[in-house]
Amino acid sequence: MKVFEKDNNIFKLLSEAISEGIIVVNEDQVIVATNGSANQIFGYNTDELIGKHLNILIPKKHHHNHHHHFEGFVSHSEKRNMGKGRDLFGVRKDGTIFPVEAGLNPFAIYGNNYVMALVIDITLRKQQEQQIQHLNTQLEQKIEERTEELHHTIQELKEEVILRKEAETKTQESLKKERDLSELKTKFLSLVSHEFKTPLSGILTSATLAGKYSKTEQQEKRKKHLDTIKNKVKYLDNILNDFLSIERLETGKVTYKFSQFPLSKLINEVVYDANMLLKDGQRINYPKDIDDYVIEFDEKILELVLSNLMNNAIKYSGEHTIIDLQVYYENNILTVKIIDQGIGIPKKEQGFIFKRYFRAENALLDQGTGIGLNIVKSHLENLGGNISFTSKENQGSVFIITIPITNVLDS
Ligand code: ADP
């Protein structure tokens, strides 16, 4: 033990220059030597620790553990860092506890075993570690917040993109509408110049001729020319009505007016007008049993639909043919069939017949615009109805319309 005695300065001499605290204990964990740094770290005076049990430097709650480790360590007796994987703590004289790092060096002198502990106060390092950890946590939080903000911004951008796309689609739609309308106007102008020419010159001729029959007994001849004029004016009026219909359908300005009216009154008007267009020997079969029907529907539209179909049946059929008009009412559905014995529609063109301006090859010799069926279909569909047809070239066609009628009264 002499090596650690007061008078023996060798240990003191060697240890005082070292900044780590040095504590030497014997096998009983009694402190036999300390250097100035150790005293300072733990808050003791010179030599105050000599002869004290090592426990004085260890917080109470770690005593049991430490004893256990110490015994294991002395028996293995090799140099190592203390407290691997655990936090170590020391206790100062004033009772404050602080974190330490300790390296242990067992050695033997004169047959006695000792352990020299090199101790560093790591309070500052721990504080810095904690600060770093704190900063790290703050940084992580910031990153999380920023990521969240970024997600938010991306979401907002996505919504913005959707809105812009919608606006773009709307602009494109209205552009298309504008284009369609200007196309319509162009078509109308070219149609007026072509399609109106023949009927107008017909009207002029008939008017001139009618003017020549000035005698009373020539009334029959006058009437013939006046009928031709009426007929041609009606034809031009129909074309104009069709164009107005398209314009209203295109601009969304179409409004439907429902009213109650006897079906027979409407059919009479349609058949009366159609009669004026009949070719030689053509005949219309008037529908049976419709006198009792008072229906609620848009009268003008139904008239437009039926006159278009009747006019087509007459126009696209030869002389001495019959046009059959049939009406059925069942399960709140009114069905009207217009059957002709005309030129029919070629099979390969049947798929396009409702397309605007479409005219089948075999119809081109007759006057026409290719508008009628297109608007008939649009109006019927807007009103919950439907139109279909069957047709055989050179044999005839059957056009069938159905409209929902909830209110059929017996007049
Ligand atoms: P338009 O008669 O003025 O040409 P529509 O839209 O009424 O225009 O008809 C489109 C086309 O459908 C006609 O050009 C014709 O080819 C065909 N079509 C319509 N109705 C008949 C019919 N009853 N018989 C034969 N073809 C028809």
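In the predicted model, His 320 is situated in the loop that links helix α8 to strand β10, the latter covering residues 322–330. The phi angle of His 320 is positive, at about 55 degrees, although His 320 is not a glycine. Most residues other than glycine have a negative phi. The relative accessibility of His 320 is 61%, above the 50% limit, and His 320 therefore counts as exposed.

A second loop residue shows a positive phi as well. Asn 394 lies between strand β12 (386–392) and strand β13 (396–404), and its phi is near 65 degrees, a positive value in a residue other than glycine. With a relative accessibility of 64%, Asn 394 counts as exposed. A positive phi is also found just after helix α9, where Gly 384 takes a value of about 80 degrees.

Helix α8 (residues 299–315), which precedes the loop of His 320, is paired with helix α9 (residues 372–382): the two axes come within 10 Å and cross at roughly 145 degrees. The crossing of α8 past α9 is left-handed. On the side of α8, the contact is made by Ile 301, Leu 304, Val 305, Asn 308, Leu 309 and Asn 312, while α9 contributes Gly 372, Leu 373, Ile 375, Val 376, His 379 and Leu 380. Of these contact residues, 8 are nonpolar and 4 are polar, and no charged residue takes part. An α-helix has 3.6 residues a turn, so residues three or four places apart point the same way.

The buried residues of α9 are Gly 372, Leu 373, Asn 374, Ile 375, Val 376, His 379 and Leu 380. Their packing partners are helix α6 (219–251), helix α8, and the strands β12 and β13. Helix α9 thus has buried residues that pack against both helices and strands.

One residue of helix α6 was examined individually. Ile 246 is located in α6 and has a relative accessibility of 0%, so Ile 246 counts as buried. When neighbours within four places in sequence are left aside, Ile 246 is in contact with Leu 184, Arg 356, Ile 371 and Ile 375. Among these partners, Ile 375 is also one of the buried residues of α9, and Ile 375 belongs to the contact of α9 with α8. Ile 246 and Leu 181 are 65 residues apart along the chain, yet their C-alpha atoms are separated by 9.1 Å.

Other pairs of residues likewise set separation along the chain beside distance in space. Ser 19 is found in the loop between helix α1 (10–15) and strand β1 (21–26), where a relative accessibility of 63% means that Ser 19 counts as exposed. From Ser 19 to Leu 118 there are 99 residues in sequence, and the C-alpha atoms of the two are 9.6 Å apart. Asn 136, by contrast, is part of helix α4 (residues 123–195). The C-alpha atoms of Asn 136 and His 152 are separated by 24 Å, although these residues are 16 apart along the chain. Asn 136 has a relative accessible area of 40%, and is therefore partly exposed.

Strand β1, which follows the loop of Ser 19, contains Asn 26. The relative accessible area of Asn 26 is 14%, below the 20% limit, so Asn 26 is buried. Not counting residues up to four places away in sequence, Asn 26 touches Val 32, Phe 70, Asn 113 and Tyr 114. Between Asn 26 and Asn 45, which are 19 residues apart in sequence, the C-alpha distance is 20 Å.

The protein chain as a whole comprises 9 helices and 14 strands. Its radius of gyration is 55 Å, well over the 22 Å that the globule rule gives for 411 residues, and the chain is therefore more spread out than a compact globule. The C-alpha trace spans about 170 × 45 × 40 Å along its principal axes. Of the 411 residues, 36% count as buried. The accessible surface amounts to about 25600 Å², and 53% of this area belongs to carbon and sulfur atoms. Among contacts between residues at least 6 apart in sequence, 61% join residues at least 24 apart.

Technical notes. Residues are numbered from 1 along each chain as its sequence is written. This is a predicted model: local features need pLDDT of at least 70, side-chain atom pairs count only at pLDDT 80 or more; totals for chains, interfaces and linings use all residues. Side-chain values use heavy atoms; hydrogens and water are left out. Axes are lines fitted to C-alpha atoms, for helices over the stretch in contact, and angles run from 0 to 180 degrees between N-to-C directions. Helices (H or I, at least four residues) and strands (E, at least two) are DSSP runs, numbered from the N terminus. A crossing is left-handed if the near helix is turned anticlockwise from the far one by less than a right angle, and right-handed if clockwise. Contact means heavy atoms within 4.5 Å. Ala, Val, Leu, Ile, Met, Phe, Trp, Tyr, Cys and Pro count as nonpolar, Asp, Glu, Lys and Arg as charged, and the others, Gly among them, as polar. The radius of gyration is taken over C-alpha atoms; the globule rule is 2.2 Å times the number of residues to the power 0.38. Buried means under 20% relative accessible area, exposed over 50%, partly exposed in between (1.4 Å probe, protein chains only). Accessible areas come from the Shrake-Rupley method with a 1.4 Å probe; for residues, only the protein chains shown count as cover.
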